[in-house]
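This report describes selected features of a predicted model. It considers a sheet first and a helix afterwards.

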Amino acid sequence: MKKLYIFDLDGTLLDTVADLGNSCNYVLAGAGYPTHPIDAYYKFVGNGIAKLIQRALPADAATEENIQRLLPPFREYYNLHMADDTKPYRGVTELLAALQAANVKVAVASNKYQAATENLVKKYFADIRFDAVLGQRDGVPVKPDPAIVNDICKAAGVVDADDIIYVGDSLVDLQTAANSGVEFVAVTWGFSPREALLEKYPAHIADTIEELNDLLLK
């Protein structure tokens, strides 16, 4: 087994798309812009809240000024509703517990803003002792920049890339792992189509939690 297992949050550990979509629709409607069906948000998520809002706005309204104007009400609404429909994917809690029982280190790397990342992890994985839980932080570039992985490695005390596996559901995660020089496992139950992941030739791909267990618990 490896020494450190880093997990993406949205689309990998938690199904969050409904609460993200509802929160974005709330601020869009409040500002007088068209809203979207929740299924459309699978294409919008993955690069942080600012990018989510940019993608959801009409093209002629997706200005930096508008994005910054909508960020505070989005966070205010999402902070209250982030757990309305969010739920862990089947089997991930048990997998994290099994890794913990094997005395390996586990961490979360998310493009969701830090406070929301911490709150969701505490709510849904309270019994797991994560060595680091990092989201989007001011002054730190978001994934696929390797900064978040580097910060997790420092916090966990694991510096050799050969001792690390990164698990995620998106092309952003795949590129983050590549930029960090660590092994990547793609899961297909999240927000990216399986075909899109396969086009980038991930080293490993898991279609089910049973397959992910077989890849990680060995």
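## The sheet

In this predicted model, six strands form an open sheet with parallel pairing, in the order β5-β4-β1-β6-β7-β8. The edges are occupied by β5 (132-136) and β8 (204-206); each has a single partner strand, so one side of each is left without a neighbour in the sheet. On average, neighbouring strands of this sheet are turned by 20 degrees against each other, direction ignored.

At the β8 edge, strand β7 (residues 183-187) runs parallel to β8 and is joined to it by three bridges. Within this pair of strands, Val187 stands opposite Ala206 of β8.

## A helix on the sheet

Helix α7 (residues 171-180) packs on the sheet, where it touches β4 (105-113), β6 (164-168) and β7. The direction of α7 makes about 165 degrees with that of β6.

## The two sides of helix α4

Helix α4 spans residues 92-101, and its buried residues include Val92, Leu95, Leu96, Leu99 and Gln100. These residues lie on the same side of α4 because they cover an arc of only 140 degrees around the axis. On the other side of α4, Glu94 and Ala101 are exposed.

The buried residues of α4 are covered by elements including β1 (4-7), β3 (87-88), β4 and α9 (209-216). Of these, β1 and β4 also belong to the open sheet described above. Just after α4, Asn103 adopts a positive phi of about 65 degrees.

Conventions:
Residues are numbered from 1 along each chain as its sequence is written. This is a predicted model: local features need pLDDT of at least 70, side-chain atom pairs count only at pLDDT 80 or more; totals for chains, interfaces and linings use all residues. Side-chain values use heavy atoms; hydrogens and water are left out. Two strands pair if DSSP finds at least two bridges between them. Helices (H or I, at least four residues) and strands (E, at least two) are DSSP runs, numbered from the N terminus. Axes are lines fitted to C-alpha atoms, for helices over the stretch in contact, and angles run from 0 to 180 degrees between N-to-C directions. Contact means heavy atoms within 4.5 Å. Buried means under 20% relative accessible area, exposed over 50%, partly exposed in between (1.4 Å probe, protein chains only). The arc is that of the directions from the helix axis to the C-beta atoms.
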